[in-house]
Amino acid sequence: MIACLILGIVIGIAAVVAAYIFVIPEKRVNGMNKFLHTLHNIFTFKSLMIEKILRFMYVFITILSITIGFFMMFPKDMFLIGLVTMIFTPIVVRIIFEASMLKIILTNNVIELNKKASPRPAPRAQRPAPRPVPQYEE
């Protein structure tokens with residue numbers, strides 16, 4: 001048990017070192033295959049996985065609540081509770097997930113704006129004025 005734990009720690013450290021040498025540096029992006037490029041984007045947070053996870057969770061919870069509500073309608077004295085579950089739970093889930101997606105969409109828009117904004121020198125009007133040359137009187 002302890003040997004497996006130590007082996008796992010050593011392999012984990014070796015994987016982190018390999019990732020920092022071969023996957024994460026920007027200078028190695030051009031020669032990467034598609035898999036390594038995807039890993040690079042994930043490790044450098046250029047693509048966010050939480051958006052995909054939240055979409056999956058939204059669909060799963062919505063379908064689950066509709067299914068549970070449907071089957072709650074059949075036992076005695078549970079029809080109204082099942083119907084309310086089928087109707088209102090997906091609405092509440094949608095509101096919650098839209099509120100969380102707003103933050104992610106805002107983050108994605110900021111990332112896109114940062115990609116579009118190239119580091120250019122400021123226009124001439126925004127540059128500071130040069131210092132005046134001291135003039136000596138003779």
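**Exercise 1.** In this predicted model, work out whether Leu80 is buried or exposed.

*Solution.* Start with the number: Leu80 has a relative accessibility of 61%. Now bring in the cut-offs: buried means under 20%, and exposed means over 50%. Leu80 therefore counts as exposed.

**Exercise 2.** Find where Leu80 lies, then list the residues that make a nonpolar surface patch with Leu80.

*Solution.* First, the helix: Leu80 lies in helix 4, which covers residues 79-116. Next, the patch: Leu80 shares it with Phe79, Leu83, Val84, Ile87, Phe88, Ile91 and Ile95. Together these side chains make a nonpolar patch of about 770 Å² on the surface.

**Exercise 3.** Describe the fold of the protein chain by its helices and strands, then decide whether the chain is a compact globule or more spread out.

*Solution.* Count the elements: you get 4 helices and 0 strands. Reading along the sequence gives the pattern α-α-α-α. Now compare sizes: the globule rule gives 14 Å for 138 residues, but the radius of gyration of the protein chain is 28 Å, well over that, so the chain is more spread out than a compact globule. For the dimensions, take the C-alpha trace along its principal axes: about 110 × 55 × 30 Å.

**Exercise 4.** What share of the residues is buried, and how much area does the protein chain expose?

*Solution.* Of the 138 residues, 15% are buried. The exposed area comes to about 12,000 Å². Then split that area by atom type: carbon and sulfur atoms supply 72% of it. Finally, check the contacts: among those between residues at least 6 apart in sequence, 39% join residues at least 24 apart.

Technical notes:
Residues are numbered from 1 along each chain as its sequence is written. This is a predicted model: local features need pLDDT of at least 70, side-chain atom pairs count only at pLDDT 80 or more; totals for chains, interfaces and linings use all residues. Side-chain values use heavy atoms; hydrogens and water are left out. Patches are made of residues with over 30% relative accessible area and no salt bridge: like charges are joined within 9 Å, nonpolar side chains (Val, Leu, Ile, Met, Phe, Trp, Tyr) within 5 Å. Accessible areas come from the Shrake-Rupley method with a 1.4 Å probe; for residues, only the protein chains shown count as cover. A salt bridge is a side-chain nitrogen of Lys or Arg within 4 Å of a carboxyl oxygen of Asp or Glu. Helices (H or I, at least four residues) and strands (E, at least two) are DSSP runs, numbered from the N terminus. Buried means under 20% relative accessible area, exposed over 50%, partly exposed in between (1.4 Å probe, protein chains only). The radius of gyration is taken over C-alpha atoms; the globule rule is 2.2 Å times the number of residues to the power 0.38. Contact means heavy atoms within 4.5 Å.
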